[in-house]
Amino acid sequence: MKRLLALVLTLLSCNILAEDLIHRPTILPLLPEDYERQPNLLPAIPVIPTLPSEESTEDSNGEDIKWKLEDSYTINLDTKVQVVVPLEIITDVDIKALIIDDEQVTIPFELEMNKEPDKQNFYVLNYSETEIDIDGDGTLDTFIYSPKYINKKLVKDNYLYIDGKNISREGVHKKKVYITVELNERR
């Protein structure tokens, strides 16, 4: 619908512009018939000086003028740019668990980075939440643990701990937690 409205408006504006150009009187400057006898009536055309094509020329008085033409060079520059690719998480983690009664479950999970970290003890995993009330009853029941620093491409020491005795509502509970990689800027 928007495209149709834009098309109609475009056609109308083109139609109005065309009518304006057709009905506007066109004024062309006319030269008088005896313009050749009156050179001052012609508009002045600026003359752009050019470099001589020879090293010596003669001026209007017949004197020989020596021109020293400048040498021209082609310079090739080599530019190198360092592109830094940030450390990113390239895997999604989808964890499903069945908790029965007061069961306590520890679920390990792995995170894969796009490359090996270039510095040790510099990159940190940041979770949007690490202590979660999954059923919304006001009691924390799910916890996420990870190593402090990312030092390898594959981070294996992550786990999710679910404490079943703190889950009071039965049913299926879902929660999204976002993970980012941050720099340890305290160093």
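Helices (H or I, at least four residues) and strands (E, at least two) are DSSP runs, numbered from the N terminus. This is a predicted model, where local features need pLDDT of at least 70, side-chain atom pairs count only at pLDDT 80 or more, and totals for chains, interfaces and linings use all residues. Residues are numbered from 1 along each chain as its sequence is written, and side-chain values use heavy atoms, with hydrogens and water left out.

**Figure 1. The whole protein has 1 helix and 8 strands.** Following the sequence, you meet the pattern α-β-β-β-β-β-β-β-β. The protein has 187 residues, and 14% of them are buried. Here, buried means under 20% relative accessible area, exposed means over 50%, and partly exposed lies in between (1.4 Å probe, protein chains only). The accessible areas come from the Shrake-Rupley method with a 1.4 Å probe, and for residues only the protein chains shown count as cover.

**Figure 2. E129 and K175 meet through their side chains in a salt bridge.** Side chains of opposite charge can pair when their charged atoms come close. The term salt bridge is used for a side-chain nitrogen of Lys or Arg within 4 Å of a carboxyl oxygen of Asp or Glu. The structure holds 1 salt bridge. In the pair of E129 and K175, the distance from N to O is 2.9 Å. This pair links distant parts of the chain, 46 residues apart: E129 is in the loop between strand 4 (123–127) and strand 5 (131–132), while K175 is in the loop between strand 7 (154–163) and strand 8 (179–183). E129 is partly exposed at 27% relative accessibility, and K175 is partly exposed at 45%.

**Figure 3. A patch of negative charge gathers D101, D102, E103 and E170 on the surface.** Patches are made of residues with over 30% relative accessible area and no salt bridge; like charges are joined within 9 Å, and nonpolar side chains (Val, Leu, Ile, Met, Phe, Trp, Tyr) within 5 Å. Lys and Arg count as positive and Asp and Glu as negative, while His and the chain ends are not counted. The place of a charge is taken as NZ of Lys, CZ of Arg, CG of Asp or CD of Glu. E103 sits in the loop between strand 2 (64–66) and strand 3 (104–112), and with a relative accessible area of 34% E103 is partly exposed. D101 belongs to the loop between strand 2 and strand 3 and is exposed, with a relative accessible area of 67%. The phi angle of D101 is near 55°, a positive value in a residue other than glycine.

**Figure 4. Y73, I75 and L77 make a nonpolar patch on the surface.** The area of this patch is about 460 Å². Look for Y73 in the loop between strand 2 and strand 3. Y73 counts as exposed, at 67% relative accessibility.

**Figure 5. F122 and Y123 form an edge-to-face pair of rings.** Rings of Phe, Tyr and Trp (its six-membered ring) pair if their centres lie within 6.5 Å; planes under 30 degrees apart count as stacked, over 60 as edge-to-face and the rest as tilted. A search of the whole structure finds 3 aromatic pairs. The rings of F122 and Y123 have centres 5.2 Å apart and planes at 85°, so this pair is edge-to-face. F122 is buried at 17% relative accessibility, and Y123 is buried at 10%. The C-alpha atoms of F122 and E182 are separated by 8.6 Å, with the two residues 60 apart along the chain. E182 is part of strand 8 and is partly exposed, at 38% relative accessibility.

**Figure 6. M113 and N121 lie in the loop between strand 3 and strand 4.** M113 is buried, with a relative accessible area of 0%. From C-alpha to C-alpha, M113 and K152 are 8.1 Å apart in space, and they are 39 residues apart in sequence. N121 is partly exposed, with a relative accessible area of 31%. The phi angle of N121 is near 55°, a positive value in a residue other than glycine.
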